[in-house]
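Dear colleague,

Please find below the structure that I am handing over to you. My notes on what was found in it follow directly after it.

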2 protein chains.
Amino acid sequence: MRADAVRNREAVLQAAGRLFDTADDPAGVSMDDVAAAAGVGKGTLFRRFGDRAGLIRALYELRTERMTAELEGEGGGDAVDAVARTMDALLRFKIENRALSRALESLGGGSPYTNAAYGGLHARLAALIAATRGPEAADFLSHALLAAVRSDLVDHLADWPDDRLKSGVQTLVRSVLRGEERGAPLCR
Amino acid sequence: MRADAVRNREAVLQAAGRLFDTADDPAGVSMDDVAAAAGVGKGTLFRRFGDRAGLIRALYELRTERMTAELEGEGGGDAVDAVARTMDALLRFKIENRALSRALESLGGGSPYTNAAYGGLHARLAALIAATRGPEAADFLSHALLAAVRSDLVDHLADWPDDRLKSGVQTLVRSVLRGEERGAPLCR
DNA sequence: TTGTTAAACGGACCGACGGTCCGTTACGTT
DNA sequence: AACGTAACGGACCGTCGGTCCGTTTAACAA
């Protein structure tokens, strides 16, 4: 790849990131806006990323890499802890990348699922859930956990204090993994 | 409301319903398409429904009424049964109204939540969950259940046999309500 | 039946946006 | 220095949501 191409790709990603971070409605960030903010022609933008979806996916995966890398690092603990940590990291990610996540999830055409991060997270969670719930149930339950932190839901609950949301997710995690909660086992 | 207004409103809703039912991508159904299919001018369409979101919401609520009415009718059984029935009806609704549901949920601006049906279902589920899980947890868990049947997830799992999806949802419901599954209690 | 009025109609029109095209520019190589 | 090729950039296009306004027509009163 030529030097100017690399430079421009970098400039576009940075500009787009800034725009999405400051936008409250991701739909308000147009491709012209991105091109202008990056100081780049529109043709360059589209040649590099194909279309709007491509740009958003590229930016999303860039941001996702840090999170997944940090998750890979942590071993240890039982399955519940591992799932809890993963969901907590994901929730934080969704909060910190509200607009970008909403943009990604509202692209249409199965965009929230045909995505490197989703596939990896689903597989990871499903494997952990399978240990206590069996492989059959694990697949859907894993999807259900990921659905519980959909960015527009997180957005809808934006006025909740962060720890309430967090504890809600943790409650769900424990329910799905062992179905015991609040000290007292529910099955006797 | 004038007679021709009533007639046109009806024609538009019927035409839009037909178009969304036969479309695989809801974004492919344009307002011009709807107007043409209804045999009505575009101005009429926008005057009656305000904007695209208004049309979709109106159509969605129309279809939703049948489902909620039928749910109101059923009393009896314990909380788990009630939640299970509700979620099952909702899942069937999402499958039968794939494109319309996707259209509604991808409008942006909190559209999946600022919706008569969502509010009612959330309140209903939260009340039932509160009985075993307490009111604090019930609120988020109710959202989580509803998120598990998001239309794009249902769509993503479209190649699953219907009963697999259904049993996945039922497993989730039981997990959330009492956290016991597969005969053997998980807490000892 | 006829006249009047206000509401509804409909389609030409507009601005914005995603995406394309192609003449121009500049990087990398020999 | 010269050349070929890849990248550039912005004018341009088609489509779509939404508006505007001249025309029609339902509703009602005389």
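Which residues come nearest to DNA strand D? The model is a predicted one, and in it G41(A), G43(A), A3(B), G43(B) and D51(B) come nearest, out of 23 residues around that strand. The elements giving two or more residues to this surface are α1 and α3 of chain A, together with α1, α2 (31–38) and α3 of chain B. The largest share, five residues, is that of α3(A). By character, the residues of the surface near DNA strand D comprise 11 charged, six polar and six nonpolar.

The surroundings of DNA strand C may be described in the same manner. This strand is surrounded by 23 residues, and the closest are A3(A), G43(A), D51(A), G41(B) and G43(B). Two or more residues each are given by α1 (3–22), α2 (31–38) and α3 (42–49) of chain A, and by α1 (3–22) and α3 (42–49) of chain B. Here α3(B) gives the most, with five residues. The surface near DNA strand C is made up of six nonpolar, six polar and 11 charged residues.

I turn next to chain A as a whole. It holds 10 helices and zero strands. The C-alpha trace of chain A spans about 65 × 35 × 30 Å along its principal axes. The chain has 188 residues, of which 38% count as buried. Among the contacts in chain A with a separation of 6 or more, 64% join residues that are 24 or more positions apart.

The domain assignment divides chain A into domain 1 (1–50) and domain 2 (61–177). The centres of these two domains, taken over C-alpha atoms, are separated by 28 Å. Six residues from domain 1 of chain A and five residues from domain 2 of chain A take part in the contact between them. On the side of domain 1 of chain A that touches domain 2 of chain A, four residues are nonpolar, two are charged and none is polar.

Helix α1(A), which gives residues to the surfaces near both strands, merits a closer description. At 1.5 Å a residue, its 20 residues should span 28 Å, and the end C-alpha atoms of α1(A) are 29 Å apart, which agrees. Which residues of α1(A) are buried? They are V12(A), A16(A), L19(A) and F20(A). These residues cover an arc of only 90° around the axis, and therefore they lie on the same side of α1(A). As a general point, an α-helix has 3.6 residues a turn, so residues three or four places apart point the same way. The cover over the buried residues of α1(A) includes α2, α3, α4 (52–73) and α6 (98–105) of chain A. On the face turned away from the buried side, α1(A) carries the exposed residues A3(A), V6(A), R7(A), E10(A), D21(A) and T22(A).

In chain B, L19(B) is placed in helix α1. L19(B) counts as buried because it has 20 C-beta neighbours inside 10 Å, the cut-off being 20 or more. Leaving out residues up to four places away in sequence, L19(B) touches V29(B), D33(B), V34(B) and A37(B). Of these, V29(B) is 10 residues from L19(B) along the chain, and their C-alpha atoms are separated by 6.8 Å.

Another helix of chain B is α7 (residues 116–133), whose 18 residues should span 26 Å at 1.5 Å a residue; its end C-alpha atoms are 25 Å apart, which agrees. The buried residues of α7(B) are A117(B), L121(B), L125(B), L128(B), I129(B) and R133(B). They pack against α4 (52–73), α5 (79–96), α8 (135–147) and α10 (162–177) of chain B. G134(B), just after α7(B), takes a positive phi of about 85°.

Finally, a loop residue of chain A should be mentioned. P112(A) is found between α6 and α7 (116–133) of chain A. Is P112(A) buried or exposed? P112(A) counts as buried, because 22 C-beta neighbours lie inside 10 Å. Apart from neighbours within four places in sequence, P112(A) is in contact with L104(A), E105(A) and Y118(A), and also with D152(B). From P112(A) to A126(A) the separation is 14 residues in sequence and 17 Å in space, C-alpha to C-alpha.

With kind regards

Notes. Residues numbered from 1 in each chain as written. Chains lettered and ligands numbered in written order. Predicted model: local features only at pLDDT ≥ 70, side-chain atom pairs only at ≥ 80, totals over all residues. Near = placed C-beta within 6 Å. Helix = DSSP H or I, 4+ residues; strand = E, 2+ residues; numbered from the N terminus. Nonpolar A, V, L, I, M, F, W, Y, C, P; charged D, E, K, R; others polar. Expected span 1.5 Å × (residues − 1). Buried ≥ 20, exposed ≤ 12 C-beta atoms within 10 Å, placed from the backbone. Arc of directions from axis to C-beta. Contact = placed C-beta atoms within 7 Å. Domains from an automatic or database assignment.
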